[in-house]
Amino acid sequence: MTQEEDIAAEAAAETHGPTHSGFVALIGPTNAGKSTLVNRLVGAKVSIVSHKVQTTRAIVRGIAIHDNAQIVFMDTPGIFKPRRRLDRAMVTSAWGGAKDADLIMLLIDSERGLRGDAEAILEGLKEVQQPKILVLNKIDRVNREDLLALAASANEKVAFERTFMISAENGSGCDDVMDYLAATLPEGPWYYPEDQISDLPMRQLAAEITREKLFLRLHRELPYSSHVETEKWEERKDGSVRIEQVIYVERDSQKKIALGKGGETIKAISTASRKELSEILEQQVHLFLFVKVRENWGDDPERFREMGLDFPK
């Protein structure tokens, strides 16, 4: 048993009664609110959120403790009809995460209903053996009759164990989901130490935070083909940390957008990212951002490995 497993076992032993643990895969169409929900259920930011579709590119695991259960949420990329190599890798990753989980949670945007990608996901779920629950999100924007009709329609297509109606934004209904998962996941020791909330390396989380700020600032101007990597991480003697990151784009015109007039855009992105990273790390952060052009980075196997994705042939 590893040292981490020892710590986890000791933490679990201190609780009352048998412990439960397991992996829950969140799947759904793009922009259904999966990342917002994971952050809500974990109680901390472990997955980035933006208005841009397909923001989540690889599986992010968020770890929550509820009653005697350790619930490992797998925030998967949104499932959609892929057009590019990166799209195919993301969709493959999402379905792979679903098949590796103890339980699958399908998240549907109540406003959009079962149109488009949601219908295709329901068809795909018929081939997956794991138990499944349906979670209807954004219920505060839809009347009750339409919600009930949506739930009935989805349950006609797939045999869900339970249906929940929630708002990931304000937390309504989320406690019911946690109560159910804590009671349903298999009995067994916890996988992670009690105070761990994610398995994402800090260098990668830092890159994700900056990518979120990039998307929030430029989600209309900058195309989807941008990527952030943390290249240097230096813990300094004064207790601060120096971080150097590179934003990769595919064309010079995109580099100009990311930099902005007089560098004002990249400065704003850096300021926002540095502020959040300082709060997460609880130490002063010196963040340096660089923008580089790398044509067709979406066809580079090394970039896929950096994102935690398999490179599709």
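**Exercise 1. A residue with positive phi**

Classify Glu282, at 74% relative accessibility, as buried or exposed, then place the residue in the chain and state its phi.

*Solution.* Step 1: the classes are buried (under 20% relative accessible area), exposed (over 50%) and partly exposed in between, computed with a 1.4 Å probe and protein chains only. At 74%, Glu282 counts as exposed. Step 2: Glu282 belongs to the loop between α9 and β9 (285-293). Helices (H or I, at least four residues) and strands (E, at least two) are DSSP runs numbered from the N terminus. Step 3: phi of Glu282 is near 55°, a positive value in a residue other than glycine.

The model is predicted: local features need pLDDT of at least 70 and side-chain atom pairs count only at pLDDT 80 or more, whereas totals for chains, interfaces and linings use all residues. Residues are numbered from 1 along each chain as its sequence is written, and side-chain values use heavy atoms, with hydrogens and water left out.

**Exercise 2. The chain as a whole**

State how many helices and strands the protein has, what share of its residues is buried, and what share of its contacts between residues at least 6 apart joins residues at least 24 apart.

*Solution.* Step 1: there are 10 helices and 9 strands. Step 2: 53% of the 313 residues count as buried. Step 3: a contact means heavy atoms within 4.5 Å. Among contacts between residues at least 6 apart in sequence, 72% join residues at least 24 apart. Step 4: the exposed area of the protein is about 15,000 Å², and 47% of it is supplied by carbon and sulfur atoms. Such areas come from the Shrake-Rupley method with a 1.4 Å probe; for residues, only the protein chains shown count as cover.

**Exercise 3. Two helices and their buried residues**

Identify the buried residues of α4 and of α2, and say how those of α4 are arranged about the axis.

*Solution.* Step 1: in α4 (residues 117-125), the buried residues are Ala118, Ile121, Leu122 and Leu125. Viewed down the axis, they fall within an arc of 100°, so they line one face of α4. This arc is that of the directions from the helix axis to the C-beta atoms. Step 2: α2 (residues 34-42) is mostly covered, as 7 of its 9 residues are buried. These are Lys34, Ser35, Leu37, Val38, Asn39, Leu41 and Val42. Step 3: the buried residues of α2 pack against β1, β2 (60-66), β3 (69-75), β4 (103-109) and α6. Step 4: Gly43 follows α2 and has a positive phi, near 85°.

**Exercise 4. Aromatic pairs**

Count the aromatic pairs, and characterise the pair of Phe23 and Tyr191.

*Solution.* Step 1: rings of Phe, Tyr and Trp (its six-membered ring) pair if their centres lie within 6.5 Å; planes under 30 degrees apart count as stacked, over 60 as edge-to-face and the rest as tilted. This rule yields 2 aromatic pairs. Step 2: Phe23 and Tyr191 form a tilted pair, with 4.9 Å centre to centre and 55° between the planes. Step 3: the pair links distant parts of the chain, 168 residues apart, with Phe23 in strand β1 (residues 20-27) and Tyr191 in the loop between α6 (174-184) and α7 (202-218). Step 4: Phe23 is buried, at a relative accessible area of 17%, whereas Tyr191 is partly exposed, at 40%.

**Exercise 5. Salt bridges and a charge over a ring**

Count the salt bridges, and describe those of Arg112, Lys213 and Arg242.

*Solution.* Step 1: a salt bridge is a side-chain nitrogen of Lys or Arg within 4 Å of a carboxyl oxygen of Asp or Glu. The count comes to 10 salt bridges.

Step 2: Arg112 bridges to Asp109, with the closest N and O atoms 3.3 Å apart. Arg112 is partly exposed, at 31%, while Asp109 is buried, at 6%.

Step 3: in the salt bridge of Lys213 with Glu276, the closest N and O atoms are 2.7 Å apart. Lys213 lies in helix α7 and Glu276 in helix α9 (residues 264-281), so the pair ties together parts that are 63 residues apart in sequence. Both Lys213 and Glu276 are buried.

Step 4: Arg242 bridges to Glu244, the closest N and O atoms being 2.8 Å apart. Arg242 is partly exposed, at 26%, and Glu244 is buried, at 14%.

Step 5: salt bridges that share partners join Asp109, Arg112 and Lys138 into one network. Lys138 lies in the loop between β5 (132-137) and α5 (144-157) and is buried, at 17%. Its phi is positive, near 65°.

Step 6: a charge sits over a ring if NZ of Lys or CZ of Arg is within 6 Å of the ring centre and within 35 degrees of the ring normal. Arg242 lies over the face of Phe288, at 4.0 Å from the ring centre.
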